[in-house]
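Trainee: Please take me closely through a single part of this model, and then show how that part fits into the rest. I would like each term's cut-offs where the term first comes up.

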Amino acid sequence: MPLIMGMSVLLACQFAGELLARGLELPIPGPVLGMVILLAGLVIRGKVPSSLRLTGEGLLRYLTLLFVPAGVGLMVHARLIGMDLLPIAVTLVVSTALTLAVTGWALERLQRRQGPGSGA
Amino acid sequence: MNVVPLDQLWVYLSGHPLLSLLVTLLAFVVAVRINRALGGTPLVHPVTLAIALLIGFLLLADIEYATYFEGAQFIHFLLGPATVALAIPLYDHRERVRRLLWPLLLACGVGIVTAVGSTLGLAMLMGAQPETLLTLAPRSVTSPIAMGIAEQIGGIPSLAAGLVLLTGSIGCALGPGLFRLLGIRDQAVQGFTLGLAAHGFGTAHAFARIGAVAGAFSGLAMGLTGLLTAFLLPLIVKVFGLG
């Protein structure tokens, strides 16, 4: 039953995360808090149970597929996007390129400055 | 034996969750095949292609998005546990994350300010409407967080979710070329950058195309960016005189 065990652990963490987010009215989604909870659990436990690894890595392998249903929702906003098409398109492309370049460059620099032994 | 007319059969099928579930999987398989046939180019991301195929299909078949989502939500639901599962690669690479904690936090702050600042600045210059502006602002954050933020600062939540996805696919398309241009070869840096700029899309891309280390750092960046943006964005929006 490793798949069921693994899935139960993931769902339990997500559930705890949702409870925390709702209960404290945090602007952070439950699954992200669930990730933090699971990480804390793994650090305390000191290893990843094989059942959890099997389920988790299976899910992560198909992570791209999981975005498809939400993405199809774009069709609902076709008209809104069409109204501001040029500003939206230019902003998305240029700003995303800028963000990638600046972040990558900054991290590369900062990592190197940390000195030997910290690089890959 | 009675044969049911085809149009009646279609009415039954098109409203059934089974159909949307099946076409979603099929569209994904077809999109991955097409992408592979094109030599795995990042310019035509399988997810973007699958989404385009599905939108085309739904329009042709005259199926509402809400009807489609009734079936597709079973796939959508798995995003939650998958996000939680990001803790696993993060735990595997915890030593490296701990060593790089300060550079990572700093780079994250720099990245967020760049993302939000350039988005608002450009969109303002191009004359976008205020509502569009506020909807664009949280676009480099993973969609559930972006929707919450958009609502908080006065944008349109569901459109924000769509723009987040577009940002994701653009980030995946631009990433590899930019990394080559800037000479960034480190897997961890590539993953972190993709996760920050292109959230879950970038993370999925990092896992599938770069490797587990990149995926772990990408997941970390996605979570961190989401958390920090939720706090920083309302402040930046004030600086720009909006909100």
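Mentor: Let us begin with burial: a residue is buried if 20 or more other C-beta atoms, placed from the backbone, lie within 10 Å of its own, exposed if there are 12 or fewer, and partly exposed in between. This is a predicted model, in which local features need pLDDT of at least 70 and side-chain atom pairs count only at pLDDT 80 or more, while totals for chains, interfaces and linings use all residues. Residues are numbered from 1 along each chain as its sequence is written, and chains are lettered from A and ligands numbered from 1 in the order of writing.

The part I would choose is helix α4 of chain B, where helices are DSSP runs of H or I with at least four residues and strands are runs of E with at least two, both numbered from the N terminus. In α4(B), Tyr68(B), Ala72(B) and Ile75(B) are the buried residues. Their cover includes α4 (63–66) and α5 (68–72) of chain A as well as α2 and α3 of chain B, contact here being C-beta atoms, placed from the backbone, within 7 Å of each other. The helix also has a kink of about 55 degrees, centred on Gly71(B), the bend being the angle between axes fitted to the seven residues that end at a position and the seven that start there.

Just ahead of the helix, the loop between α3 (46–61) and α4 (65–77) of chain B holds Asp62(B). Most residues other than glycine have a negative phi. Asp62(B), which is not a glycine, has a positive phi of about 60 degrees, and because 7 C-beta neighbours lie inside 10 Å, this residue counts as exposed. A second non-glycine residue with positive phi is His199(B), at about 40 degrees; it sits in helix α12 (residues 187–210) of chain B and counts as buried, with 30 C-beta neighbours inside 10 Å.

A useful companion to α4(B) is α11(B), which also carries a kink, about 40 degrees at Gly175(B), shortly before the proline Pro176(B). Of the 26 residues of α11(B), 19 are buried, so the helix is largely enclosed by the rest of the structure. After α11(B) comes Gly183(B), with a positive phi near 70 degrees. On the other side, the loop between α10 and α11 of chain B contains Ile156(B), which is partly exposed, with 18 other C-beta atoms within 10 Å. Neighbours within four places in sequence aside, Ile156(B) contacts Glu131(B), Thr135(B) and Ala150(B); Thr135(B) is 21 residues away from Ile156(B) in sequence, yet 5.6 Å away in space, C-alpha to C-alpha.

Now the interface between the chains, to which chain B gives 89 residues and chain A 67 residues. On the side of chain B that touches chain A, helix α11 (residues 157–182) of chain B supplies the largest share, 14 residues. That side has 59 nonpolar, 28 polar and two charged residues, with Ala, Val, Leu, Ile, Met, Phe, Trp, Tyr, Cys and Pro taken as nonpolar, Asp, Glu, Lys and Arg as charged, and the others, Gly among them, as polar.

The largest nonpolar core (buried Ala, Val, Leu, Ile, Met, Phe, Trp, Tyr and Cys residues joined through C-beta atoms within 7 Å) has 109 residues, and those touching the most other members include Val68(A), Ala85(B) and Phe192(B). Here too α11(B) gives the largest share, 13 residues. Neighbours within four places in sequence aside, Ala85(B) is in contact with Leu10(A), Gly56(A), Leu59(A) and Leu60(A).

Finally, the setting: chain B has 13 helices and zero strands, and 52% of its 243 residues are buried. As for confidence (pLDDT is the predictor's value for each residue, from 0 to 100), chain B has a mean pLDDT of 84, and 98% of its residues reach 70 or more. Among its elements, helix α10 (residues 143–153) has the lowest mean pLDDT, 73, and helix α2 (residues 17–37) the highest, 91. The model as a whole scores ipTM 0.85 and pTM 0.80.

Terms used
Two residues are in contact if their C-beta atoms, placed from the backbone, lie within 7 Å.
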